[in-house]
Amino acid sequence: MAMDYRTLFSPKFIAPSFISPATKLISLDPYLPCNQIRYSNKKRGFPLPAVASVLYPPINVDYLETEFGGHGVSFASISDSCVVRMGLANGSVASLMLPSGLITSYKAPMWHGGLLELLHTSVSEGENGGAVIQGGVSLVFNFINGDGGLSWSPSSWALHDVRGSPQEFIQVELISNSLEDKVEVKHIVTLQGDVLSSEIVITNSKPTPLSLMGSVMSHLAISTPEATYAMGLERSNFFTRPPILSSFSIIPPDFSQRKDSGSNKSWGPMAFKEFLSSWGSRNQKIEGIESENDEELEGEEDDNYKQLTEKMSRIYTSTPRSFTIIDRGRRNSVVVGRDGFNELYMFSPGSNHKWYSKYAYICIGQSALLEPIILGPEGEWRGRQDLHNPNL
């Protein structure tokens with residue numbers, strides 16, 4: 001049975017009245033002072049939404065509103081999560097969720113005077129009957145110890161600071177850290193009049209180096225890949241790789257059933273942990289992806305106005321600092337910029353799906369997947385992605 005959870009992203013969401021009241025103790029949030037314990041009088045009387053399949057402690061929205069309200073930022077509770085809404089005077093609006101850190105919406109002013117949603121987010125029914133939220137913009141990173149073992153992956157984020165004003169810009173700073181591994185990650189989300197940016201600041205407090213692999217994954221809303229073009233990637237090298245499967249990835253079921261010409265093997269999504277060993281080698285033959293010509297696994301982009309009709313999962317290297325996604329169906333474009341990352345992940349589900357459907361998107365990732373980023377002892381690294389709206 002299909003479920004409609006579009007109102008979940010509205011800060012005006014009100015839980016149905018048939019929820020019976022009860023009192024329970026809410027777990028302390030990472031950013032809640034240790035001497036404050038808040039109570040909730042809401043008890044779940046129906047399946048409530050979760051972000052992907054990750055479980056988090058509940059959020060104290062009243063505290064967040066008191067401590068961080070204003071600056072053009074508002075907070076709303078949805079189940080055990082919190083929606084943080086940023087709104088500028090020119091109409092630009094962005095929303096993210098705590099504690100998952102998932103950016104679910106970026107509505108930007110258009111040339112025709114209205115607002116257009118630039119991010120693609122899917123809300124579906126989970127195994128327990130609740131809502132599963134995927135897509136948007138998410139951070140998918142793994143930290144690797146010197147011995148090559150998986151150290152830590154940031155998945156739970158706390159609100160650290162809010163700055164700015166609706167007339168200029170709004171900046172929301174999230175933080176996630178591992179005390180055991182002595183790693184701190186800050187995700188600074190900035191909404192300006194024509195740009196939504198994600199800046200990542202990683203601090204390694206260890207006396208030994210630390211490796212980072214992962215991507216800033218952005219699902220851009222489009223009409224259909226057939227009407228969508230990537231402009232500016234000509235002469236960039238690329239490597240064909242299986243799609244990344246994270247908690248927030250949207251991968252069509254038929255992608256795992258696609259068979260290349262002359263092949264008995266199919267494309268299958270690769271779990272994030274698995275690529276740590278198999279994505280590192282550029283010349284490695286990838287299980288599940290074959291072609292008539294092995295050179296197709298590695299090549300050079302020869303089209304400066306590339307139509308994204310076909311299914312594709314690639315990592316581009318030596319790309320420009322920015323390029324443009326043009327959607328002729330919706331008559332808009334997005335300029336995607338980067339800083340600090342040397343690789344670009346691009347995934348297209350192909351055009352064998354309905355227009356404006358769950359699979360009407362292009363996934364762009366500013367990445368470190370082929371080559372890890374090395375943080376020296378007591379070192380700091382910064383990376384950035386900009387989604388620029390040139391349609392004003």
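**Two histidines and a sheet in a predicted model**

Student: In this predicted model, which residues does His187 touch, leaving out those up to four places away in sequence?
Tutor: Sequence neighbours up to four places away are not counted. The contacts of His187 are then Ile103, Leu139, Trp157, Val172, Glu173, Leu174, Ser198 and Glu199.

Student: Which residue shares a side-chain polar contact with His187?
Tutor: Look eleven residues along the chain from His187, where the C-alpha atoms of the pair are separated by 6.6 Å. The side chains are joined by a polar contact of 3.2 Å. The partner is Ser198.

Student: Is His187 buried or exposed?
Tutor: His187 is found in strand S15, residues 183-191. Buried means under 20% relative accessible area. His187 has 1% relative accessibility, so it counts as buried.

Student: And His353, buried or exposed?
Tutor: His353 is in the loop between strand S27 (343-348) and strand S28 (361-375). It touches Pro252, Asp254 and Tyr359, not counting residues up to four places away in sequence. Its relative accessibility is 18%, and the cut-off is under 20%. His353 therefore counts as buried.

Student: Which strands are the edges of the open sheet of nine strands?
Tutor: The order is S13-S14-S15-S16-S29-S26-S25-S18-S23, with antiparallel pairing. An edge strand pairs on one side only. That gives strand S13 (158-165) and strand S23 (305-307).

Student: Which residue in S14 stands opposite Val162?
Tutor: S13 pairs with strand S14 (residues 169-178) in the antiparallel sense, over seven bridges. The residue opposite Val162 is also a contact of His187. It is Val172.

How values were computed:
Residues are numbered from 1 along each chain as its sequence is written. This is a predicted model: local features need pLDDT of at least 70, side-chain atom pairs count only at pLDDT 80 or more; totals for chains, interfaces and linings use all residues. Side-chain values use heavy atoms; hydrogens and water are left out. Helices (H or I, at least four residues) and strands (E, at least two) are DSSP runs, numbered from the N terminus. Buried means under 20% relative accessible area, exposed over 50%, partly exposed in between (1.4 Å probe, protein chains only). Contact means heavy atoms within 4.5 Å. A polar contact is a pair of N or O atoms within 3.5 Å; within protein, one must be able to donate a hydrogen and the other to accept it, and residues adjacent in sequence count only if both atoms are side-chain atoms. Two strands pair if DSSP finds at least two bridges between them.
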